[in-house]
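Welcome, and thanks for opening the viewer. Could you take me on a walk through this structure, one selection at a time, starting from the whole chain and moving inward?

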Amino acid sequence: MDAASGDEACAICALHRDVDHLESHEIWRSDLWLLRHHPGPAPLAGWCLLDARRHCGGPMEFAPKEAREWGLVVQQASRLVQRVSGCDRVYAIAFGEGARHLHLHLIPRESGDARTTAWGVADHYRNVEEGRTIPASDAKVRDWLVRARAMASDLFDESFGRDR
Ligand SMILES: [Zn+2]
């Protein structure tokens, strides 16, 4: 059930085994889910990923318990991104091409920020990835994470318990 049983070649499974990375980017986890901030370079402060902890390609492959919890965990993670960012909306996008392991992008959408207009956010993502646009600063991401971690327990632990 844990990441150690996943695909050895999977980038998401590898990340779940990377203790240093999780120490700096993890927000919350349960036995089934792991919520983390986007690794650097981060396109935006507050751009998060909600991962299945199990090596699982997406909803079509969910076990019954994953299927039952998915709606609630996406709702609470989206609320967390909205509350911490103070943004208008939160996009939820999952392609699963970079790694065939479910990692739902949760993206703060601010109406005054043209970089985050629908598919424009994908252009922004590629511009940051390819070095054409400046990513969110480490200081902004750290500050966002401090506030997110402080709020996460209230939002999640009642519904999902804690697996630490
Ligand atoms: Zn995996």
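Start with everything shown as a cartoon, and keep in mind that this is a predicted model. Among contacts between residues at least 6 apart in sequence, 58% join residues at least 24 apart.

**The whole chain**

Colour by secondary structure and you will find 5 helices and 5 strands. Following the sequence from its start, their order is α-α-β-β-β-α-β-β-α-α. The radius of gyration is 15 Å, close to the 15 Å that the globule rule gives for 164 residues, so the protein is as compact as a globular protein of that length. Turn the model along its principal axes, and the C-alpha atoms fill a box of roughly 40 × 35 × 30 Å. Of the 164 residues, 36% are buried.

**Strand 3**

Now select residues 48–52, which form strand 3. Is this strand enclosed or open? 5 of its 5 residues are buried, so strand 3 is largely enclosed by the rest of the structure. Show the side chains: C48, L50 and A52 point one way, while L49 and D51 point the other way.

Next, add the strands that pair with strand 3. Strand 2 (33–37) pairs with strand 3 in the antiparallel sense, over 5 bridges. To see one of the partners, pick W33 and look across to A52 in strand 3. Strand 5 (103–109) also runs antiparallel to strand 3, joined by 4 bridges. Here, pick D51 and find its bridge partner, H103, in strand 5.

**The nonpolar core**

Stay with strand 3 and click on L50. Beyond its neighbours within four places in sequence, L50 is in contact with W33, L35, V73, V74, A77, L104 and L106. Then widen the view to the largest nonpolar core, which has 33 residues. Those with the most contacts inside this core are L35, C48, L50, A77 and L106. In soluble globular proteins, nonpolar side chains tend to be buried together.

Which elements supply at least two residues each of this core? They are strand 1 (26–29), strand 2, strand 3, helix 3 (64–85), strand 5 and helix 5 (138–160). Helix 5 gives the most, with 6 residues.

**Helix 3**

Select 64–85 to bring up helix 3. This helix has 22 residues and reaches 32 Å from its first C-alpha to its last, close to the 32 Å expected at 1.5 Å a residue. Centre the view on W70, where helix 3 has a kink of about 40°. Then colour the buried residues of helix 3: V73, Q76, A77, S78, L80, V81, V84 and S85. What covers them includes strand 2, strand 3, strand 4 (89–93), strand 5 and helix 5. Just after the helix comes G86, whose phi is positive, near 70°.

**Helix 5**

For the last stop, select 138–160, which is helix 5. This helix also has a kink of about 40°, centred on A152. Which residues of helix 5 are buried? They are V141, W144, L145, A148, A152 and F156, so A152 appears both at the centre of the kink and among the buried residues. Show strand 1, strand 2 and helix 3 around helix 5, since these are what its buried residues pack against.

Key: Residues numbered from 1 in each chain as written. Predicted model: local features only at pLDDT ≥ 70, side-chain atom pairs only at ≥ 80, totals over all residues. Rg over C-alpha atoms; globule rule 2.2 N^0.38 Å. Buried ≥ 20, exposed ≤ 12 C-beta atoms within 10 Å, placed from the backbone. Contact = placed C-beta atoms within 7 Å. Core = buried A, V, L, I, M, F, W, Y, C linked by C-beta atoms within 7 Å. Pairing = 2+ DSSP bridges. Expected span 1.5 Å × (residues − 1). Bend = angle between axes of the 7 residues up to and from the residue.
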